[in-house]
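Here is a quick walk through one protein chain, going from a strand in its sheet out to the helices and a couple of loops. Have the viewer open and follow along.

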Amino acid sequence: MAKKRKAKKALNVKHHHHFQTQNLAALISQVTHASYSFLSHNDVVLLPSQSLRLESLISSLISLSPHPKLSPLLSPPHRDCWFRRFCSLSDSRWLHAFRMSKPSFSHLLHLLSPSLAPSFPHIAPDCVLAAALFRLAHAAPYAALARRFGIAPSEACRAFFAVCKAVVGNLGHLFELRTDSERIVVGFGWSSLPNCFGVLGFARFRIDASLLGENGCLMVQALVDSEGRFLDVSAGWPSTMKPETILRESKIYHEVEESKELLNGPCYNLNDGNLIPPYILGESCFPLLPWLLTPYNRVNEEDSFGSAERAFNCAHRDAMELVGDAFGRLRSRWQLLAASRKWKLECVEHLSFVVVAGCLLHNFVVKCNEEMPDEGVGKGCMEKEEGFPAFDGVGDENAVRVRDALAMHLSRMSSRK
């Protein structure tokens, strides 16, 4: 009798569990269908961040369903894909979707189409470009691109890297250090930094811990002008390398120190007769060189700076913020490069290529006078970069003279204000 009661109780529990599972499945199915219906009828008017978040929610609901095969697939019910319907909307929404206005998009398409069309004979070039920009802007997965642009996920992946390649191959002139030096020098002249050709710093991009350890990352060295444009970018250096080693391995160092192609122009004559050669400002982690001026550092904590040293360090600190601001805008505009994102092992080999493409596109939209969209600045995009230890070597004697002369100039300028 006891065994029968026990068996009956177990059977009741089983039936109750089955009933609860059915109720849960029905509830998940209702919520999923309601969410999907809302998305399918409003996908064009929703902001990209909203639609991507809703898609992620629907996918999570499908994965929770006891009968996932009964849940709706995230495929558009419309005859035309999202992008074709989006093209009929007002220009104001293009900035949110693609980080540029429709006229700027059309100009970019004109520049890149000759490189894109041969690789995609069955996909319109505007669709290829738009899919790549959407992924870069919103860190959208390839499945999301497939749904929006009516192409297979594998084609979306191929389109993304084809556009990055086309950008690097066709827009390299937008790194203007070698072609528009007069504009650069004039820009810094407004900050009382005569003959300055840019500000040099680093940004970190996090990668899978299996490569370089828990806090491992790839480093990007960049030179920035007074308008926040990138002038030179050297990407893909492991964080195990010292900053001064990265500098000496970079193209800009070789073009200054060896081939003498860069920073070989005339000196600027200060009012006191001192001559200031062409230079760039760099973080304290770099060595002090005649063409690379770093801030004054205290040897001992009890040491104090004079007025000239303080004036130089103040101007230097303000200028170095240009690097952080440029990378901040880069990460905000192109959220695939957000500081909070950790790149997977299989994607790391492409990271430096994508970063360079992102910097060139950043310069393109700055040159087109595009505004930063209010929507879409994701959390983790504007994180402040962690500093580097100061260079502990001996500074070049000529560099010390140049820095001291510039410091005196800045001190005199600040005393007149």
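## A strand with no open side

Let's start in the middle of things, with strand β2, which covers residues 217-224. Eight of its eight residues are buried, so β2 is largely enclosed by the rest of the structure. Keep in mind that this is a predicted model.

Which residues sit on the two faces of β2? On one side you'll find Cys217, Met219, Gln221 and Leu223, and on the other Leu218, Val220, Ala222 and Val224. Both sets are buried, so to speak from either direction the strand is covered, given that buried here stands for under 20% relative accessible area.

## Neighbours on either hand

β2 has two antiparallel partners to look at. Strand β1, residues 196-206, is joined to β2 by eight bridges. In that pairing, valine 199 of the chain stands opposite valine 224 in β2.

The other partner is strand β3, residues 230-238, tied to β2 by seven bridges and also running antiparallel to it. Several of the facing pairs are easy to pick out: leucine 218 has proline 238 as its bridge partner, methionine 219 has tryptophan 237, and valine 220 stands opposite alanine 235. β2 and β3 form a hairpin with five residues between the strands, and there glycine 228 takes a positive phi near 85°.

## The whole sheet

Zoom out and these strands turn out to belong to an open sheet of five, in the order β3-β2-β1-β6-β7, with mixed pairing. β3 and β7 (292-293) stand at the edges with a single partner strand each, so one side of each is left without a neighbour in the sheet.

What lies across the sheet strands? Helix α13, residues 307-333, does: it spans β1, β2, β3, β6 (279-282) and β7, and runs at about 50° to β1.

## Two helix pairs

Two packed helices are described by the angle between their axes and the distance between the axes. Take α13 again, this time with helix α15. Their axes come within 7 Å and cross at roughly 90°, which makes α13 roughly perpendicular to α15. On the α13 side the contact involves Ser307, Ala308, Ala311, Phe312 and Ala315, and these meet Arg403, Leu406, Ala407, Met408, Leu410, Ser411 and Ser414 in α15. Arginine 412 is also found in α15, which covers residues 397-415. Arginine 412 is partly exposed, with a relative accessible area of 27%. Its C-alpha atom is separated by 8.9 Å from that of alanine 311, although the two residues are 101 residues apart along the chain.

The second pair is helix α8 (residues 153-170) with helix α14 (residues 348-367), whose axes come within 9 Å and cross at roughly 60°. That makes α8 oblique to α14, and the crossing is left-handed. From α8, the residues involved are Phe160, Phe161, Cys164, Lys165, Val167 and Val168. They meet His350, Phe353, Val354, Val356, Ala357, Leu360 and Leu361 in α14.

## Two loop residues with positive phi

Most residues other than glycine have a negative phi. Where in the chain does leucine 263 sit? Its place is in the loop between α12 (251-257) and β4 (268-269), and its phi is near 55°, a positive value.

Asparagine 369 also has a positive phi, near 60°. Asparagine 369 belongs to the loop between α14 and α15. Is asparagine 369 buried or exposed? At 67% relative accessibility, it counts as exposed.

## Chain-level numbers

How many helices and strands are there in the protein chain? There are 15 helices and seven strands. Of the 417 residues, 48% are buried. The accessible surface comes to about 21200 Å², with 55% of it belonging to carbon and sulfur atoms.

As for contacts, take those with a separation of 6 or more: residues 24 or more positions apart account for 68% of them.

How values were computed
Residues are numbered from 1 along each chain as its sequence is written. This is a predicted model: local features need pLDDT of at least 70, side-chain atom pairs count only at pLDDT 80 or more; totals for chains, interfaces and linings use all residues. Side-chain values use heavy atoms; hydrogens and water are left out. Helices (H or I, at least four residues) and strands (E, at least two) are DSSP runs, numbered from the N terminus. Buried means under 20% relative accessible area, exposed over 50%, partly exposed in between (1.4 Å probe, protein chains only). Contact means heavy atoms within 4.5 Å. Accessible areas come from the Shrake-Rupley method with a 1.4 Å probe; for residues, only the protein chains shown count as cover. Two strands pair if DSSP finds at least two bridges between them. Axes are lines fitted to C-alpha atoms, for helices over the stretch in contact, and angles run from 0 to 180 degrees between N-to-C directions. Angles under 35 degrees count as roughly parallel, over 145 as roughly antiparallel, 65 to 115 as roughly perpendicular and the rest as oblique. A crossing is left-handed if the near helix is turned anticlockwise from the far one by less than a right angle, and right-handed if clockwise.
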